[in-house]
Amino acid sequence: CVQENNSKADLTLIEKAFHFSVDAHQHQKRSSGEPYILHPIGVAMILANFGLDSFTISTGLLHDTVEDTLATIAEIETEFGPEIAAMVDGVTKISKISFKTSEEKQAENFRKMVLAMAKDIRVIIVKLADRLHNMRTIQHLRPEKQVVIAQETLDIYSPLANRLGLSSLQRELEDLSLRFSKPEIYYKLVAQVAKRMKEREKYVNDVQAMIQSGLDDHGYSNAEVNGRPKHFYSIHRKMEKRNLMFDHIYDITGFRVVVDSLEQCYGVLGLIHSLWTPVPGRFKDYIAIPKANFYQSLHTTVVGPQGEKV
Ligand code: MN
C-alpha cells in the first residue's frame, strides 16, 4: 500500500517505526478488546493511501506512543530524528487540549489554536487520520460517548479537513458523525438515497454514457466520468438549513469529469454546454477564483435529457 502510493517511500524507516510501536503498545487493548497496535496501523494506512511521505506515515505509527506508553519524545528523537519527534510531539499536544462546547465561536477558536500549534501541517493531517480511524471504530464505545465524539468531529475536525482541501476525508468524517450522533436521520437518508438511486439508475447511466461518448468524440480519451459521490451529511444540513424536504434537495443528478489539464477543464465545459443548455447563474469558475482552501474546479448546471437538471 505504501509503495503503490509513494514509490520513494523509505520502507526501512516505516518498518522501524512499526516495530517500535508494536513494542510500546504491546500490553494495551482497544475498547473493542483488540490489540491497540491495530489503531496506529490503521492511521498509518490512511496516511499511506493519501500518498504521504515516510516521515508522516512513521508519525502515524508512533502518534500514541508518547501519550499512552512509557516512550518519551527524547527516545523518539534518538531513534527517528528531530523531524518525526517534532511531529509526534505536535500530535500529542493537540490531543491534550480539551474541547467541551459546540458553540461556534469557541469551535472556531479551537480550530485556530490547532492550526497555530501545528507548525508543520502534516501534524494536522496525522491528527485527522487519527480521528478518522477512531470514527471508523466508534461503535465499540458507549453510545453517550459516541455522540460526544461525533459532535466534536463535526465542530472541529471536519472543518479542518475542509480547510486543508481534504474533501474525501471531510465527507467520511461527517457521514460517520451523522450515523453515530443521529442514527435515525442517517439511516432514513441512506434508504431514501438508495431508493432514489434505483429509480434514477437508468437515467444516470444514460447521461453518463452520453457524456463519455461526447468526450471520446472530441479526443478526451483520458477523461474519467463518474457519478458524484453521495454525502449524507450535506443533504441533511441543506434540509435543516433551508427547511426543505428530501425530494427538493436530491433532485439534481451530479457528475464529475476528471481530466489532465486546466485547458481540458474548459474544453470539457464547452463540450457539455454544447450538448445541453446551461442554466443561467449556475456556472462557477473555481479555477480562475479558487475557494479559500485552494479547491479548484468548474461547476455548471445544464438542462439534460427530458428537461431534467444535471
Ligand atoms: Mn490515536
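# Close-up views of a predicted model

**View 1. Within helix α8 (residues 104-117), Arg 111 and Glu 108 sit three residues apart, about one turn of the helix.** This is a predicted model: local features need pLDDT of at least 70, side-chain atom pairs count only at pLDDT 80 or more, and totals for chains, interfaces and linings use all residues. Numbering runs from 1 along each chain as its sequence is written, and side-chain values use heavy atoms, leaving out hydrogens and water. Helices here are DSSP runs of H or I with at least four residues, strands are runs of E with at least two, and both are numbered from the N terminus. The side chains of Arg 111 and Glu 108 form a salt bridge, N to O 2.7 Å. The term needs a side-chain nitrogen of Lys or Arg within 4 Å of a carboxyl oxygen of Asp or Glu. Arg 111 has a relative accessible area of 5%, so this residue is buried. Cut-offs: buried is under 20% relative accessible area, exposed is over 50%, and partly exposed lies in between (1.4 Å probe, protein chains only).

**View 2. Lys 127 and Asp 130 pair inside helix α9 (residues 121-136).** The two residues are three apart, about one turn of the helix. Their closest N and O atoms are 3.0 Å apart, in a salt bridge. Lys 127 is buried, and Asp 130 is buried too. An α-helix has 3.6 residues a turn, so residues three or four places apart point the same way.

**View 3. Helix α12 holds a salt bridge between Asp 206 and Lys 202.** The partners are four residues apart, about one turn of the helix. N to O, the side chains meet at 2.8 Å. Asp 206 is partly exposed because its relative accessibility is 35%. Lys 202 reaches 59%, so Lys 202 counts as exposed. Elsewhere, Asp 53, Glu 83, Asp 120 and Arg 122 are joined into one network by salt bridges that share partners. The model's count comes to 17 salt bridges.

**View 4. Leu 173 is buried in helix α11 (residues 167-181).** Its relative accessibility is 0%. What does Leu 173 touch, not counting residues up to four places away in sequence? The neighbours are Leu 128, Arg 131, Leu 132, Met 135, Thr 153, Tyr 157 and Ser 158. Contact means heavy atoms within 4.5 Å. Ile 57 is 116 residues from Leu 173 in sequence, and their C-alpha atoms are 20 Å apart in space.

**View 5. Helix α13 (residues 232-241) packs its buried residues against four helices.** Those helices are α10 (143-163), α11, α12 (183-217) and α14 (246-249). The buried residues of α13 are Phe 232, Tyr 233, Ser 234, Ile 235 and His 236. Lys 238 belongs to α13 as well. Lys 238 counts as partly exposed because its relative accessibility is 39%.

**View 6. Lys 238 is one of the residues in a patch of positive charge on the surface.** The others are Arg 228, Lys 241, Arg 242, Arg 256, Arg 282, Lys 284, Lys 291 and Lys 309. Patch members have over 30% relative accessible area and no salt bridge; like charges are joined within 9 Å, nonpolar side chains (Val, Leu, Ile, Met, Phe, Trp, Tyr) within 5 Å. Lys and Arg count as positive, Asp and Glu as negative; His and the chain ends are not counted. Each charge is placed at NZ of Lys, CZ of Arg, CG of Asp or CD of Glu. The chain has 38 positive and 39 negative charges, and their mean positions are 7 Å apart.

**View 7. Asn 243 and Gln 306 each have a positive phi without being glycine.** Most residues other than glycine have a negative phi. Asn 243 follows α13, in the loop between α13 and α14. Its phi is near 50°. Asn 243 is exposed because its relative accessibility is 70%. Gln 306 lies in the segment after β6 (302-303), with phi near 60°. A relative accessible area of 70% is why Gln 306 counts as exposed.

**View 8. The whole protein chain has 15 helices and six strands.** Its C-alpha trace spans about 65 × 45 × 35 Å along the principal axes. Of the 310 residues, 43% are buried. Among contacts with a separation of 6 or more, 67% join residues 24 or more positions apart. About 17100 Å² is exposed, with 53% from carbon and sulfur atoms. Areas come from the Shrake-Rupley method with a 1.4 Å probe; for residues, only the protein chains shown count as cover.
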